[in-house]
Amino acid sequence: MSERLIVLTGPSGVGKGTLLTCLRRRHKDLYVSVSSTTRTPRAGEVEGRDYYFVSPEEFERLIEAGALLEWAQYVGQYYGTPRAPVEARLAEGKPVVLEIEVQGAYQIKNNFPAAMLVFIAPPSFEVLAQRLRDRSTDDSAAIERRLTRAREELESAREFDYRVVNEDLETAVQQIEQIIFREEPLDSTDR
Ligand code: 5GP
């Protein structure tokens, strides 16, 4: 059986977090990885639940120690997936979901060819821009940097295994469920 490693990727503001919250509610056995980051916590974010908030020095130490499964710099901050908890769940045969940006998704694909990569796309760039501005969790300079990065990320959508447009939340969740939970294809020896 292929490893059940599922990667949700796509630009900031596309709704990856909301989709994950819905998936989690419906599938209690899904393990969603908690990333480490050097960015400062937003109001309401909780250490160990939303992220592990670390200093740049600590993050670089994690890189050096090989403690991250993947990592990337995103608009001036580090983000990475702690290796040990993910490997432990996969070893138990449990499904693991990573919610990460595009560079990290490529690293996972290189290291885990059996991983399922799902690119979440907005209905249009304008909708994405509006969502990011409405979210008002970042200042306007940070929003513009995220939008610049989003344009680049949208260019790479076609390189991913699956693409889901997050226009209607329920439809998008169902599409992701179909991707994640569809029957394993028979391998050639079973035919
Ligand atoms: P935010 O600052 O909005 O929480 O996250 C910014 C971007 O970093 C989002 O696209 C999010 O998916 C991504 N991200 C979060 N955790 C990780 C991680 O561990 N690795 C990578 N490569 N990206 C991450």
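## The ligand and its neighbours

A residue counts as near a molecule if one of its heavy atoms lies within 4 Å of that molecule. Here, 16 residues surround the ligand, and Ser 35, Arg 39, Tyr 51, Tyr 79 and Glu 99 come nearest. Before going on, please note that this is a predicted model, in which local features need pLDDT of at least 70 and side-chain atom pairs count only at pLDDT 80 or more, while totals for chains, interfaces and linings use all residues. Residues are numbered from 1 along each chain as its sequence is written, and side-chain values use heavy atoms, with hydrogens and water left out.

What classes of residue make up the shell around the ligand? There are seven charged, five nonpolar and four polar residues. In this scheme Asp, Glu, Lys and Arg are charged; Ala, Val, Leu, Ile, Met, Phe, Trp, Tyr, Cys and Pro are nonpolar; and the others, Gly among them, are polar. The strands β5 (68-74) and β6 (77-82) each supply at least two residues of this shell. Strands are DSSP runs of E with at least two residues, and helices are runs of H or I with at least four, numbered from the N terminus.

## Polar contacts to the ligand

A polar contact is a pair of N or O atoms within 3.5 Å; within protein, one must be able to donate a hydrogen and the other to accept it, and residues adjacent in sequence count only if both atoms are side-chain atoms. A polar side-chain atom of Tyr 79 lies 2.6 Å from a ligand oxygen. For Lys 16, an N or O atom of the side chain is 3.0 Å from an oxygen of the ligand, and for Arg 146 a polar side-chain atom is 2.8 Å from a ligand oxygen. Taken alone, the ligand exposes 510 Å², of which the protein buries 95% (areas by the Shrake-Rupley method with a 1.4 Å probe; for residues, only the protein chains shown count as cover).

## Two buried side chains

Glu 101 sits in the loop between β7 (96-99) and α4 (102-111). Glu 101 counts as buried because its relative accessibility is 10%, where buried means under 20% relative accessible area, partly exposed lies in between, and exposed means over 50% (1.4 Å probe, protein chains only). A polar atom of the Glu 101 side chain lies 2.9 Å from the backbone nitrogen of Gly 104, and one lies 3.1 Å from the backbone nitrogen of Gln 103.

Thr 9 belongs to strand β1 (residues 5-9) and is buried, with a relative accessible area of 0%. A polar atom of the Thr 9 side chain lies 2.9 Å from the backbone oxygen of Ile 100.
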